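These are my notebook entries on one structure. I set down what I looked up, in the order in which I looked.

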Amino acid sequence: MKIWTAPEIATLRKMRERFLTGTAGASDYWRSADELALYDITFGERIGWKWDAVLRELATRGWQPRSRRVLDWGCGSGIAGRRALSNWTDLTSYAAHDRSSMAMRFAAERVRANFPQIEISTSREVGADTLLLLSHVISELSARQLDELLALAARAGEVIWVEAGTHADSRRLIEARERLTEISPLAVIAPCTHRAACGLLAAKNERHWCHHFAHVPSSVFQDARWAELGRELGIDLRSLPYSFLVLARDAAPMAPGLSRVIGEPREFKGYAKVLSCHVDGVADLMLQKRDAPALHKAVMRGDEAPLFRWEIAEGRIVDGEKLA
């Protein structure tokens, strides 16, 4: 028995095609509130799981925004804003911005229904008291529009920016990182372990990109709705790659000596290889199981925020500890 109707599947398939081809930003493609609601419980929810992963990492790092105002820029159905409001109860004001007035109304109505204590603001001004949320927008921006967005972000108190985990989107996000730290007082909070130039900009790392994998709730794999959606649209529900960037004013110094695993560790017979980001750059490092069996096990667990301190000898990890 079909759970989704044929028109629903057709609508979702068209949405996904626009996302994958990068043409979603060509025009306002929302035709009705029903379409936004359908997006919200499918593609939007998958984006929400990426936001969950980012917010869990920020909690692990002991960070939270000082701002009380939220601007959900390019809000769509408002998934990013609702995740932030659920996570930080000190937030007091929410504003949605989108080229679609229908999307802004939908996002604001969902916030009003779920967070009645939150003021729904019509102000889209950005200042040092603003937490700016950006979600899956970078592939839809022209060079001029990206310039304008970076100028806007430079005025914010904090920026949390989540994108798809593709090479192209990650590389544009790295560009945004470098430019924002040059033109504003914003400092990097995550996913980086340092505030030097991104090590992936080195010529030897051109084929790599900064991406991570969010955990998918286990309930999804016992849910017939998600199973049918995966089959109909060709989505691998097990894999949820994302890229992200968090910046803030007046940021505390970073703990020294940290490394972060980029992507997923690769397991071979008797050893693992990890693409490791640290202040000295990005390097592909080997970890032999016999050298540090407990560390090898911790690395291969594939946690969402894999922060480590390595002991390195001759290009190999010989020991270390997991920080989070």
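Entry 1, cysteines. I began with Cys198 and found a relative accessible area of 13%; because the cut-off for buried is under 20%, I record Cys198 as buried. The model is a predicted one, and I read each value below with that in mind. I then asked how many disulfides a search of the whole structure finds. The search returned zero. Cys198 has the sulfur of Cys192 as its nearest cysteine sulfur, at 6.3 Å. Since a disulfide requires two cysteine sulfur atoms within 2.5 Å, I enter Cys198 as being in no disulfide. For Cys277 the nearest cysteine sulfur is again that of Cys192, here 5.9 Å away, and Cys277 too is in no disulfide. Cys277 is buried, with a relative accessible area of 12%.

Entry 2, the cavity. I counted one cavity of 30 Å³ or more. The volume of the largest cavity is about 200 Å³. I noted 19 lining residues, of which Ile174, Pro191, Cys192, Cys198 and Cys210 are the closest to the centre. Cys198 from my first entry thus reappears here. I sorted the lining by class and obtained twelve nonpolar, five polar and two charged residues. Which element gives the most to this lining? Helix H7 does, with four residues. Strand E8 (241-248) and strand E9 (259-268) also supply at least two residues each.

Entry 3, His278. I located His278 in strand E10, which spans residues 271-278. Is His278 buried or exposed? I recorded a relative accessible area of 13%, so His278 is buried. The side chain of His278 makes a polar contact of 3.3 Å with that of Ser276. Setting aside neighbours within four places in sequence, I listed contacts of His278 with Thr193, His194, Leu258, Ser259 and Ala283.

Entry 4, the second largest pocket. I noted a space of about 400 Å³ for this pocket. It has 23 lining residues, and those closest to its centre are Arg61, Trp63, Ile189, Pro253 and Met254. By class I entered twelve nonpolar, four polar and seven charged residues in the lining.

Entry 5, helix H4. I found helix H4 (residues 79-87) mostly covered, with seven of its nine residues buried. The buried residues include Arg82 and Arg83, along with Ile79 and Leu85. I then looked up what the buried residues of H4 pack against. The partners are helices H2 (33-40), H3 (43-60) and H5 (101-114), together with strands E1 (69-73), E2 (93-97) and E4 (130-135).

Conventions: Residues numbered from 1 in each chain as written. Predicted model: local features only at pLDDT ≥ 70, side-chain atom pairs only at ≥ 80, totals over all residues. Heavy atoms only, no water. 1 Å grid on protein atoms, 1.4 Å probe; cavity = no way out; pocket = protein on both sides within 12 Å on 5 of 7 lines; lining within 4 Å. Points joined across faces, edges and corners; volume = space filled by probe spheres on them. Nonpolar A, V, L, I, M, F, W, Y, C, P; charged D, E, K, R; others polar. Buried < 20%, exposed > 50% of the residue type's maximum accessible area, 1.4 Å probe, protein only. Polar contact = N/O pair within 3.5 Å; in protein donor to acceptor, adjacent residues only side chain to side chain. Contact = heavy atoms within 4.5 Å.
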